[in-house]
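User: I've got this one open in the viewer and would like to talk through how it packs. Could you take my questions one by one?

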Amino acid sequence: MVTVQQQQPHPIPGPPPDPRAGIDEGMAGLENLDRVPLAEHVERFDAVHTQLTFALSSIDKV
């Protein structure tokens, strides 16, 4: 039996995305939190946590 391997596309070289843009965008999600129903707070906090985690992990290219 002959197996055909699929070639994976090579990443396009270029500068990595700026993690600060994600931080600012995530933090903007916390604005006016006092006007958002309490049930939506966890979703917003999770989104900011995800953005901050990405930013921190990209600092050292981890």
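User: Which residues on the other side of α2, away from its buried ones, are exposed?

Analyst: Keep in mind that this is a predicted model. The buried residues of α2 are H41, V48, A55 and S58. They sit on the same side of the helix, because the arc they cover around the axis is only 145 degrees. Turn to the other side of α2 and the exposed residues there include V42, E43 and H49.

User: What does α2 reach from its first C-alpha to its last?

Analyst: Helix α2 runs over residues 41-59, which makes 19 residues. At 1.5 Å a residue, 27 Å is expected, and the model comes close to that. From first C-alpha to last, α2 reaches 27 Å.

User: Is H41 buried or exposed, and what does it touch beyond its sequence neighbours?

Analyst: H41 belongs to helix α2. Its relative accessibility is 16%, and the cut-off for buried is under 20%, so H41 counts as buried. Leaving aside neighbours within four places in sequence, its contacts are L33 and V36.

User: L33 turns up there, so where does L33 lie, and which residues is it in contact with?

Analyst: L33 is in the loop between α1 (19-28) and α2. It's a buried loop residue, with a relative accessible area of 14%. Setting aside neighbours within four places in sequence, L33 is in contact with H41, R44 and F45.

User: How far apart are the C-alpha atoms of L33 and R44?

Analyst: R44 is one of the contacts of L33. Along the chain the two are 11 residues apart. Between their C-alpha atoms, the separation is 8.7 Å.

User: What is the phi of N32, and what stands out about it?

Analyst: N32 is also a loop residue, placed between α1 and α2. With 44% relative accessibility, N32 counts as partly exposed. Most residues other than glycine have a negative phi. N32 isn't a glycine, yet its phi is positive, near 55 degrees.

User: Over in α1, is G26 buried or exposed, and which residues is it in contact with?

Analyst: G26 lies in helix α1. Its relative accessibility is 11%, so G26 counts as buried. Once neighbours within four places in sequence are left out, the contacts of G26 are V48 and Q51.

User: How far is G26 from T50 in space?

Analyst: In sequence, G26 and T50 are 24 residues apart. G26 itself sits in α1. C-alpha to C-alpha, G26 and T50 are 8.4 Å apart.

User: Zooming out, what share of the residues in the protein chain is buried?

Analyst: The chain has 2 helices and 0 strands. Its accessible surface comes to about 5,900 Å², and carbon and sulfur atoms hold 60% of that. Of the 62 residues in the chain, the buried ones make up 15%.

Methods
Residues numbered from 1 in each chain as written. Predicted model: local features only at pLDDT ≥ 70, side-chain atom pairs only at ≥ 80, totals over all residues. Heavy atoms only, no water. Helix = DSSP H or I, 4+ residues; strand = E, 2+ residues; numbered from the N terminus. Expected span 1.5 Å × (residues − 1). Buried < 20%, exposed > 50% of the residue type's maximum accessible area, 1.4 Å probe, protein only. Arc of directions from axis to C-beta. Contact = heavy atoms within 4.5 Å. Areas by Shrake-Rupley, 256 points an atom, 1.4 Å probe, with all protein chains shown as cover.
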